[in-house]
There are 2 protein chains.
Amino acid sequence: MIQHGAEGVHLNQIAEEAGLTSGAVLYHYPDLRDLLIEAHHAGMERFYEQRVKKISGMADPAQKLITTIRSGLPESPDDAGVRLLCELGGAAGRNRVYGTLLTTLYDRQVAMYQMILEVGAAQGVFKLAGDSEQIARNLVALEDAYGYRIIARHHSIGPDEAVGLILDFARMATGHPLKETPAPPRPKATRTTRTTRPRKSTGTADGSTAQPQDAG
Amino acid sequence: MIQHGAEGVHLNQIAEEAGLTSGAVLYHYPDLRDLLIEAHHAGMERFYEQRVKKISGMADPAQKLITTIRSGLPESPDDAGVRLLCELGGAAGRNRVYGTLLTTLYDRQVAMYQMILEVGAAQGVFKLAGDSEQIARNLVALEDAYGYRIIARHHSIGPDEAVGLILDFARMATGHPLKETPAPPRPKATRTTRTTRPRKSTGTADGSTAQPQDAG
DNA sequence: TAAGTATTTGAATCACGATTCAACAAATAT
DNA sequence: ATATTTGTTGAATCGTGATTCAAATACTTA
């Protein structure tokens with residue numbers, strides 16, 4: 001799906017990816033759509049669980065907030081998880097199931113932020129400039145949107161810039177300075193959790209990505 | 001594209017939509033992708049121009065801001081223009097041209113907001129709580145994200161709720177009360193520009209929409 | 001080990017959509 | 001009015017990918 005879009009998935013490719021033949025895939029999923037929905041469901045679950053886990057040990061609400069913001073953004077334009085979510089976004093308008101899936105994820109993320117905000121406010125760390133739900137919704141919205149920008153390879157908005165922009169809002173909303181990089185010791189401006197990252201971005205002449213048969 | 005996704009477009013449907021046969025379409029666009037790119041380009045241009053035009057006559061920056069926020073959101077989950085933009089969002093990760101197109105639109109919208117903010121600040125109407133570019137970027141980001149939520153038919157976020165949420169942020173950022181519905185008189189909650197709308201939503205067993213072969 | 005069940009394969013079939021193209025029609029130039 | 005170009009059609013062709021299924025293989029249980 002990442003390679004060819006929600007409507008461009010080909011059974012044979014799925015089979016190959018799974019190390020099987022098309023027949024075997026069909027044996028388990030006579031209707032391909034069920035497979036895709038399950039896959040999406042699982043992917044979203046994983047995405048959400050990862051975020052929760054990342055802040056599970058933390059005590060400081062500010063640190064939690066910062067970490068959560070970062071964990072909602074793609075690590076690079078090639079981040080598979082977020083790529084998939086973006087794909088889903090477009091399809092959600094056409095497909096009710098995808099729409100519901102995405103809506104549910106959104107709501108859960110809002111709840112997650114809301115919890116952080118409320119706890120922070122209760123502890124006196126945050127001075128919320130409005131309803132916690134309103135702030136939480138806007139935080140998730142910002143994450144989403146900058147995810148799209150990063151995936152689309154905006155020249156001046158990468159993961160770090162996006163974090164910065166969202167933090168600008170978060171500061172207004174919580175009245176907390178929210179200093180970045182609180183705990184993990186990092187000598188220079190080196191990024192932490194990041195995979196290989198291609199240095200030259202294998203683009204083709206017509207501007208499409210490496211994968212053949214794109215724009216269609 | 002709205003019906004079948006960026007990768008699901010079929011030549012014959014395009015032809016039919018245009019009142020032609022496939023051959024005639026191919027005569028003008030031997031490569032379908034060129035047609036799609038041009039179409040997207042034109043659509044985005046139209047979208048942007050409409051927004052600019054809507055505020056062209058206005059004097060009050062606050063009113064401009066409110067109007068612009070509303071004009072960036074879909075009027076309903078069926079809003080064709082925004083549906084298309086959402087579609088593009090997913091494809092942008094795969095296709096550089098779409099990515100660039102979308103990035104350009106984003107930047108132009110940011111500039112548009114920035115202008116409104118700066119003028120408002122210069123006139124003493126707004127007290128900006130930060131860099132105008134930062135605020136503008138977040139405003140566009142929020143628009144984008146709520147556009148997706150509306151398209152995905154979030155049960156509690158419609159156009160009005162989205163405007164409300166974005167305005168909450170805008171108030172923090174401008175220090176202006178930004179009272180809603182300043183000029184246009186609207187009697188009830190009736191939406192304006194809407195096409196036929198199917199009454200029963202011919203959904204299939206799996207929950208996908210009328211169009212066959214959805215989930216890809 | 002044997003019988004039974006679950007899974008996988010590979011080849012055959014089927015359906016659909018893109019592509020090609022000769023003939024036709026419309027518009028424009030001479 | 002005729003010639004030329006521009007645009008359109010409809011049918012024929014071609015290729016791809018989904019679907020089917022009998023046979024082969026792997027796994028389970030008694």
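The exercises below treat two surfaces of a predicted model, that between chain B and chain A and that near DNA strand C.

Local features need pLDDT of at least 70 and side-chain atom pairs count only at pLDDT 80 or more, while totals for chains, interfaces and linings use all residues. Residues are numbered from 1 along each chain as its sequence is written, chains are lettered from A and ligands numbered from 1 in the order in which they are written, and side-chain values use heavy atoms, with hydrogens and water left out.

**Exercise 1. Describe the interface of chain B and chain A by its contacts, buried area and salt bridges.**

Step 1. Taking contact as heavy atoms within 4.5 Å, 61 residues of chain B touch 60 residues of chain A.

Step 2. The size of an interface is often given as the accessible area lost when the parts come together. Chain B and chain A bury about 5400 Å² between them, with 52% of it on carbon and sulfur atoms; this is the accessible area (1.4 Å probe) that the two parts lose on being put together, summed over both.

Step 3. The two chains share 4 salt bridges, each being a side-chain nitrogen of Lys or Arg within 4 Å of a carboxyl oxygen of Asp or Glu. Arg149(B) and Asp144(A) form such a bridge, at 2.8 Å from N to O.

Step 4. On the side of chain B that touches chain A, at least two residues each come from α3 (32-56), α5 (80-92), α6 (96-122), α7 (132-151) and α8 (159-174) of chain B, helices being DSSP runs (H or I, at least four residues) numbered from the N terminus. The most is given by α7(B), with 12 residues.

**Exercise 2. Work out which residues surround DNA strand C and which of its atoms they approach.**

Step 1. With nearness set as a heavy atom within 4 Å, the residues around DNA strand C include Leu20(A), Tyr27(A) and His28(A), together with His10(B), Leu11(B) and Asn12(B).

Step 2. Of the atoms of DNA strand C that come within 4 Å of the protein, 76% belong to sugar and phosphate.

Step 3. Phosphate oxygens of DNA strand C lie 2.9 Å from a polar side-chain atom of Tyr27(A), 2.7 Å from a backbone N or O atom of Leu11(B) and 3.4 Å from a side-chain N or O atom of Asn12(B).

Step 4. Two or more residues of this surface come from each of α2 (22-28) of chain A and α1 (11-18) of chain B, and α2(A) gives the most, with 4 residues.

Key:
A polar contact is a pair of N or O atoms within 3.5 Å; within protein, one must be able to donate a hydrogen and the other to accept it, and residues adjacent in sequence count only if both atoms are side-chain atoms.
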